[in-house]
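The following exercises practise the reading of a protein model. Please study the sequence and the structure before attempting each task.

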Amino acid sequence: MRVRTAAWLAALALGLAGCGASTAGEPTTAATPPPPTAEPSPAPCRTAEPVVALGDAVDPLPVAWTSAEPVSDGHGLLVTWTSGVAPCRVLDRVDVSYGTDTVQVTLYEGSDPDVRDPVCVEIAIEKQTLVKLREPVAGREIVDGAGPSPS
């Protein structure tokens, strides 16, 4: 099901709220470089592509994620990973299992079932999805179900 939730958009907006102001559109020329400044430049914003699970991807396989940050007082996770472009690589589902000391999160990706014989460029992009948790993280370690747990 392809439903985008307001909660996901709100979480993404909060994540981007700390980004520095853009200077796009401000005229600059090679002949007149900007004056030096004593203030550090703001850190560049991460521009991960927000995605939601389709639930019907073709041949889904587990894929490793790079970070999982608790949100909503630990009742959700903002999971980030590197992947290929749609329709070749789409999020099928996210499985979560709860242990005494860990919360295991496994992402599954496959290809979009609505696109036959897609042309797939081989570039990597950063993606994010918001995972609602049945139980809060509550101090447990968040581990990747697609690979070895971080040390």
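**Exercise 1. Salt bridges**

How many salt bridges does a search of the whole structure find?

Solution. The search finds six salt bridges. A salt bridge is a side-chain nitrogen of Lys or Arg within 4 Å of a carboxyl oxygen of Asp or Glu. This is a predicted model, in which local features need pLDDT of at least 70 and side-chain atom pairs count only at pLDDT 80 or more, while totals for chains, interfaces and linings use all residues. Residues are numbered from 1 along each chain as its sequence is written, and side-chain values use heavy atoms, with hydrogens and water left out.

**Exercise 2. The partners of R93**

Identify salt bridges formed by R93, and classify the residues by accessibility.

Solution.
- Step 1. R93 forms a salt bridge with D92, at 3.0 Å from N to O.
- Step 2. R93 also meets D95 in a salt bridge, with an N to O distance of 3.5 Å.
- Step 3. Apply the classes: buried means under 20% relative accessible area, exposed over 50%, and partly exposed in between (1.4 Å probe, protein chains only).
- Step 4. D92 has a relative accessible area of 5%, so D92 is buried. R93, at 31%, counts as partly exposed. D95, also at 31%, counts as partly exposed.

**Exercise 3. A further pair and a network**

Describe the salt bridge of R134, then name a network of shared partners.

Solution.
- Step 1. R134 and E135 are joined by a salt bridge of 3.9 Å, N to O.
- Step 2. R134 is exposed because its relative accessible area is 65%, whereas E135, at 29%, is partly exposed.
- Step 3. R89, E109 and K127 form one network through salt bridges that share partners.

**Exercise 4. The largest nonpolar core**

Which residues of the largest nonpolar core touch the most other members?

Solution.
- Step 1. A nonpolar core is a set of buried Ala, Val, Leu, Ile, Met, Phe, Trp, Tyr and Cys residues joined through side-chain atoms within 4.5 Å.
- Step 2. The largest such core has 16 residues, and those touching the most other members are W65, L77, V79, W81, V105, L107 and I142.
- Step 3. Two or more core residues come from each of β4 (76-83), β5 (90-98) and β6 (102-111). Strands (E, at least two residues) and helices (H or I, at least four) are DSSP runs numbered from the N terminus.
- Step 4. Among the residues that L107 touches, leaving out those up to four places away in sequence, are W65, V79 and W81.

**Exercise 5. A loop residue and its contacts**

Is L133 buried or exposed?

Solution.
- Step 1. L133 has 10% relative accessibility and therefore counts as buried.
- Step 2. L133 is placed in the loop between β7 (125-132) and β8 (141-144).
- Step 3. Contact means heavy atoms within 4.5 Å. Beyond its neighbours within four places in sequence, L133 is in contact with G74, H75, G76, L77, V96 and Y98.
- Step 4. H75 is 58 residues from L133 in sequence, yet their C-alpha atoms are 5.2 Å apart in space.

**Exercise 6. Backbone details**

Which residues does a cis peptide bond join?

Solution.
- Step 1. The cis bond joins A86 and P87, with omega about 10°. P87 lies in the loop between β4 and β5.
- Step 2. D59 is not a glycine but has a positive phi, near 50°. D59 belongs to strand β2 (residues 58-63).
- Step 3. D117, likewise not a glycine, has a positive phi of about 50°. D117 is located in the loop between β6 and β7.
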